[in-house]
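Work through the exercises below with the structure in view. Each task is followed by a solution in steps.

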Amino acid sequence: MNHTCPSDNTADVDQSSFWSSGNLNWDQHRIGWAIAGGCAVLTVIISMISVLRHCRHYTKPNEQRQILRILYMPPVYAVISFFSYRYFRSYTYYSLIEVSYEAVTLSAFLLLLIEFVAATATDGDATKAIERKDKRPLPIPFCCWRYRPTKPYFMYTVKWSVLQYVIIRPAVSIAGIICQIYNVLCESGPYSIYFANVYLEVVDFVSISVALYGLLLFYGLTKEELVGRRPLAKFLCIKLIVVFTFYQSFIFSALEGRVIQATEYWTAGNIADGLNALAICVEMVFFSLLMMWAYTVDEYKMVANKKTGIWRPLWDSINYWDFFTEIWDSFKFFFHRSPGSSSGKKADFAQAFGVGGRSVEDGDRSTEESMRLAPYPYSNTHNADSASPVLS
């Protein structure tokens, strides 16, 4: 039996434009185009204001580089959704690229929480931040098992559980793009074991479930240390974007062939995808405002109100070497713990936490101790409590 995926697009293509023969062609599709574009531009402007404010008060690089990455989420979603609406025949490619940034924001959020917790300890010593935590059960549904928070394996496991999504989600998107090119993805068709979409969604579901469980585990352990930093509001800014985009896509897909009917130039799937993209563009305006409130710059302003330059913060935010460092350190830890491996010096909890050696002078640090979340030579000198930032 030959299994074929239904076409995503109609054979006929609308050849008209906004302006032709002296007349303005202003139909529903082009009205939506204008709304999506306007909302995308507005989202970029609002997010740019938030980003530039953090860049001008870049007094805690280890925290703010993660905040900048999170603030990029609304404009990334808005701009890509606009293009997926404009070039609706390639919607699948744009949507696969769009969801990949979710992995970046979740990972940045975990590293931000780690920085928040470490900042509450004396001299930034990670062992003192969680040393009073006793052995406790895991969250539901694994509450029958218990774990010890002060062991190095705990922090390495938590970080790996979230950072693995940075690897898996882009890999799933790349695989989906390749499958779409060869017409074996069938994202707009029914779920079928004969097409790749069902398998890729299972992999993505397992990966993001592990990542969210790791975040929940770490938050439950450190919520006392996070008081005053509004971690729940910060997390909801990210998660609500994911929830809105997922469920509205599900609703529009369910309406295909029932409420949403195909036209001469657009299939029911095209219209459902377009409505989803349009809704995302509108929603991102509000989410960019919500993020401006949740990730406020006020706590990073110095008393003298001095300004920092914007270029180094922007470079920090797109330099993902800290992600690779954390992933590699976790991989090395688990490899050395595997049976039959000849491991060297055991990692202590501070190294596992990723902030080991903060209170040690640079000249006395070993190579292992200097591997930090933000391995930049200026990161210790830009602390708001110890030195002034570089003036622009």
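**Exercise 1. Decide whether Arg65 is buried or exposed, and find its salt-bridge partner.**

Step 1. The model is predicted. Arg65 has a relative accessible area of 1%. Buried means under 20%, so Arg65 is buried.

Step 2. The partner of Arg65 is Asp322, and their closest N and O atoms are 3.5 Å apart. A salt bridge needs these atoms within 4 Å.

Step 3. Asp322 has 0% relative accessibility and therefore counts as buried.

Step 4. Arg65 belongs to helix 2 and Asp322 to helix 11 (residues 321-337), so the bridge ties together parts 257 residues apart in sequence.

**Exercise 2. Describe the salt bridges of Arg53 and Glu63.**

Step 1. Nine salt bridges are present in the structure.

Step 2. Arg53 pairs with Asp298 at 3.8 Å, N to O. Arg53 sits in helix 1, while Asp298 is in the loop between helix 9 and helix 10 (311-318), 245 residues apart.

Step 3. Arg53 is partly exposed at 33% relative accessibility, and Asp298 is partly exposed at 47%. Through shared partners, salt bridges join Arg53, Asp298 and Lys301 into one network.

Step 4. Glu63 pairs with Arg229 at 3.1 Å, N to O. Glu63 is in helix 2 (residues 61-71) and Arg229 is in the loop between helix 7 (197-222) and helix 8 (231-254), 166 residues apart. Glu63 and Arg229 are both buried.

**Exercise 3. Explain why Cys39 forms no disulfide with Cys281.**

Step 1. A disulfide needs two cysteine sulfur atoms within 2.5 Å.

Step 2. The closest cysteine sulfur to that of Cys39 is in Cys281, 6.8 Å away, which is too far for a bond.

Step 3. The count of disulfides is zero. Cys39 is buried, at 15% relative accessibility.

**Exercise 4. Find which residues touch the most other members of the largest nonpolar core, and which form a nonpolar patch on the surface.**

Step 1. The largest core has 65 residues, and Ile70, Met73, Phe218, Ile238, Met291 and Tyr295 touch the most other members. Helix 4 (residues 91-119) gives the most to this core, 14 residues.

Step 2. Beyond its neighbours within four places in sequence, Ile70 has contacts that include Phe109, Leu112 and Ile238.

Step 3. On the surface, Trp26, Ile31, Ile35, Val282, Phe286 and Leu289 form a nonpolar patch with about 550 Å² of accessible area together. Helix 1 (28-56) and helix 9 (268-294) each give two or more residues to the patch.

Step 4. Leu289 lies in helix 9 and is partly exposed, at 42%.

Key. Residues are numbered from 1 along each chain as its sequence is written. This is a predicted model: local features need pLDDT of at least 70, side-chain atom pairs count only at pLDDT 80 or more; totals for chains, interfaces and linings use all residues. Side-chain values use heavy atoms; hydrogens and water are left out. Buried means under 20% relative accessible area, exposed over 50%, partly exposed in between (1.4 Å probe, protein chains only). Patches are made of residues with over 30% relative accessible area and no salt bridge: like charges are joined within 9 Å, nonpolar side chains (Val, Leu, Ile, Met, Phe, Trp, Tyr) within 5 Å. Accessible areas come from the Shrake-Rupley method with a 1.4 Å probe; for residues, only the protein chains shown count as cover. A salt bridge is a side-chain nitrogen of Lys or Arg within 4 Å of a carboxyl oxygen of Asp or Glu. Helices (H or I, at least four residues) and strands (E, at least two) are DSSP runs, numbered from the N terminus. A nonpolar core is a set of buried Ala, Val, Leu, Ile, Met, Phe, Trp, Tyr and Cys residues joined through side-chain atoms within 4.5 Å. Contact means heavy atoms within 4.5 Å.
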